[in-house]
Amino acid sequence: MDDCLFCKIVAKEIPSSVVATSEHFLAFLDINPVQKGHTLIVPREHSTDLLDMRPDIGEEFVRFSQAVATAVVRAVHADGFNLGLNNGRAAGQVIFHTHFHLIPRFSDDGLRTWPSQAASPEELGKLLESIGPVDF
Ligand code: AMP
Ligand code: ZN
C-alpha cells in the first residue's frame with residue numbers, strides 16, 4: 001500500500017523504535033504513548049483491519065504479542081497490560097493497517113477500562129437471536 005504509514009515503517013522507509021520482529025509481524029514503540037512502553041504490533045503484510053487480515057497468521061499474532069508483552073511488562077515493571085485493537089473509525093482506528101496496542105498498566109495509573117451498564121436477560125436473549133449462529 002503506497003501511502004500507508006505502517007507499511008512504510010515495515011519497509012523501513014520511516015524510522016521506528018523496533019521492539020521485536022517475527023516472520024510475519026513487527027512490534028515498535030508508539031510515538032504518542034498512553035503509558036510508558038505502549039507498543040504497536042503490526043503484520044508486515046498490509047491489511048486494513050482484523051477482518052481483512054489473513055487468518056492463517058492469527059496464531060502468530062497472539063504468540064508474538066505474548067512474547068512482546070512479557071518483555072515490555074518486565075522492562076517497565078508493569079502490573080498488567082491491555083492488548084487492544086481499534087477496528088474501524090467508530091472504534092477509534094486512525095491508521096488503517098491492522099495493529100494491536102499493547103498498553104502496560106500500573107495499579108495506581110488512574111486509567112479506567114470501558115464504562116459499562118447492566119443488561120437484562122431479555123435484552124441478552126434478543127441480542128443472541130439477532131447474532132444467530134456464528135459462521136466459523
Ligand atoms: P489507532 O488509533 O488504533 O489507529 O492507533 C494509531 C496509533 O499509531 C496511535 O496510537 C499513534 O500514536 C501511533 N502512531 C502514529 N504514527 C506513528 C509513528 N510514526 N510511529 C509510531 N506510532 C505511531
Ligand atoms: Zn499498510
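**Notebook: a zinc site and its protein**

I started at Cys-7, which counts as buried because its relative accessibility is 14%. Buried means under 20% relative accessible area, exposed means over 50%, and partly exposed lies in between, with a 1.4 Å probe and protein chains only.

I noted that this is a predicted model, where local features need pLDDT of at least 70, side-chain atom pairs count only at pLDDT 80 or more, and totals for chains, interfaces and linings use all residues. Residues are numbered from 1 along each chain as its sequence is written, chains are lettered from A and ligands numbered from 1 in the order in which they are written, and side-chain values use heavy atoms, with hydrogens and water left out.

**Entry: the zinc ion**

Which residues are the protein donors of the zinc ion (ligand 2)? I found Cys-4 (SG), Cys-7 (SG), His-46 (ND1) and His-97 (ND1), lying 2.0 to 2.3 Å from the ion. Donors are N, O and S atoms within 2.8 Å of the metal (3.2 Å for Na, K and Ca); water is not among the atoms, so sites may look incomplete.

I checked the angles next. The 4 donor atoms subtend 105 to 116° around the zinc ion (ligand 2), so the arrangement is tetrahedral. Four donors count as tetrahedral if all angles lie between 85 and 135 degrees.

I wrote the donor spacing in sequence as C-x2-C-x38-H-x50-H. Cys-7 sits in helix α1 (residues 5-10) and His-46 in the loop between β3 (39-43) and α2 (58-76), so this pair ties together parts that are 39 residues apart in sequence.

**Entry: the whole protein**

I counted 3 helices and 5 strands. Helices (H or I, at least four residues) and strands (E, at least two) are DSSP runs, numbered from the N terminus. Along the sequence I read the pattern α-β-β-β-α-β-β-α.

The C-alpha atoms fill a box of roughly 50 × 40 × 25 Å, taken along the principal axes. Of the 136 residues, 34% count as buried. I also looked at contacts (heavy atoms within 4.5 Å). Among those with a separation of 6 or more, 56% come from residues 24 or more positions apart.

**Entry: Asn-82**

I found Asn-82 in strand β4 (residues 80-84). Is Asn-82 buried, exposed or partly exposed? Asn-82 counts as partly exposed, because its relative accessibility is 31%.

Not counting residues up to four places away in sequence, Asn-82 touches His-101, Leu-102, Ile-103 and Arg-105. I then took Asn-82 with Thr-98: they are 16 residues apart in sequence and 17 Å apart in space, C-alpha to C-alpha.

Definitions and conventions: Tetrahedral: all angles 85-135°; square planar, octahedral: opposite > 155°, others 65-115°.
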